[in-house]
Each structure stands twice: as C-alpha cells, then as structure tokens.
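Student: Could you take me through one part of this protein closely, namely how its helices pack against one another, and keep the definitions explicit as you go?

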Amino acid sequence: MYGVKSPLPDADRKVVGEALQGALVDLIDLSLVAKQLHWNVVGPRFRSVHLQLDEVVALARLHADTVAERAAAIGVSPDGRAGTVSRSSGIATAPEGAVTDSATVGALVAALGAVIVRMRERIAATGDPDPVSQDILIGLTADLEKYSWMAQAENTA
C-alpha cells in the first residue's frame, strides 16, 4: 500500500491511477523515442529536426514528472521502470540506425499520434472521477497536439 491517503474514493482512485500510470509510461517512452531519433537524424534538415526533437524530449519529461507527482498525490505509486515502460507503452519502437530527416519527422508524428489518442481516452475516463487529474491530461495533450501539428507541417510538401 502506498503511504499517502487519497482524497478520492477507492473506485475513482483506481480509474484515475490507471489513467495517470498509462500517461506516465507513454510520456517516458515518447521522451526515449524522441531522443533516439534525435541522435540518429540525418539529412538537409538535420539541425532544425534535431533541435525540435530535444523540445519534445523536454516537454515529455516535464509532463511525466507532473503526472507522476499527481499520481503520488492521490495515493498511487507511479511506476516508470524500464520494464514497465517497455510492456505498457503504446508507441512503436524507434527505427534503428541513421534515419533521414523526413522519416524522422514521420516517426515523431506517429509517436505523438499514438500518445495523443491514448491521452484523449484518459481525458474522457478521468472527467467524472477527478477533474483535477483530467485538467493535467488536457493541458499536456494540448502541448502534444501543438508539437504534432508543427511536425506534420514540417513534412508537408
């Protein structure tokens, strides 16, 4: 049992805890995928894509910390261990080796899209049991959608 008493009823805490845990895993994996792409991007747009990926990494890490701390605040132990992330993430594995700038942006768009779909499901699930957690998920989803829009615009002919 986690040592913090939750202000939420047990059933609500379970629903919200699962949503926050899922969000945490996806955000951690998004930061790892974006960093892998960052290290391996090549091509004429290398610098701009390289820098954009670091912004996504920073954003994912910031939101992961907020989500984990919210889970702890409602009495749910956050689990960001590598094995948990590997088993639970909804993001495809990043390509191996050097990746062209266009393919990198495509992989980033796919990763962001996978996370956004799952975040929107979590937003719906947390509305009634915990509007505070829902608000956190809404804010981070808005940020992810902004980066998805920017990445998609970068690969438009």
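Tutor: What follows is a connected account of the helix packing, with the overall layout before it and the largest pocket after it.

This is a predicted model, in which local features need pLDDT of at least 70 and side-chain atom pairs count only at pLDDT 80 or more, while totals for chains, interfaces and linings use all residues. Residues are numbered from 1 along each chain as its sequence is written, and side-chain values use heavy atoms, with hydrogens and water left out.

The protein has 5 helices and 2 strands, where helices (H or I, at least four residues) and strands (E, at least two) are DSSP runs numbered from the N terminus, and the order of these elements from the N terminus on is α-β-α-α-β-α-α.

Two packed helices are described by the angle between their axes and the distance between the axes. Here the axes are lines fitted to C-alpha atoms, for helices over the stretch in contact, and angles run from 0 to 180 degrees between N-to-C directions. Angles under 35 degrees count as roughly parallel, over 145 as roughly antiparallel, 65 to 115 as roughly perpendicular and the rest as oblique.

Helix H1 (residues 10-40) and helix H2 (residues 46-73) cross at roughly 160 degrees, and their axes come within 8 Å, which makes H1 roughly antiparallel to H2. Their crossing is left-handed, meaning that the near helix is turned anticlockwise from the far one by less than a right angle (clockwise would be right-handed). By class, the contact of H1 with H2 has 16 nonpolar, 4 polar and 4 charged residues, with Ala, Val, Leu, Ile, Met, Phe, Trp, Tyr, Cys and Pro counted as nonpolar, Asp, Glu, Lys and Arg as charged, and the others, Gly among them, as polar.

Helix H4 (residues 101-126) packs on helix H5 (residues 131-154) at an angle of about 160 degrees, with axes 9 Å apart, and H4 and H5 are therefore roughly antiparallel to each other. The crossing of H4 and H5 is left-handed, and their contact has 15 nonpolar, 5 polar and 4 charged residues.

H1 also packs with H5, at an angle of about 25 degrees and with the axes 11 Å apart, which makes H1 roughly parallel to H5; the crossing of H1 and H5 is left-handed.

Finally, the lining of the largest pocket includes Asp29, Leu32, Trp39 and Ile91, and by class this lining has 6 nonpolar, 2 polar and 2 charged residues.

How values were computed:
1 Å grid on protein atoms, 1.4 Å probe; cavity = no way out; pocket = protein on both sides within 12 Å on 5 of 7 lines; lining within 4 Å.
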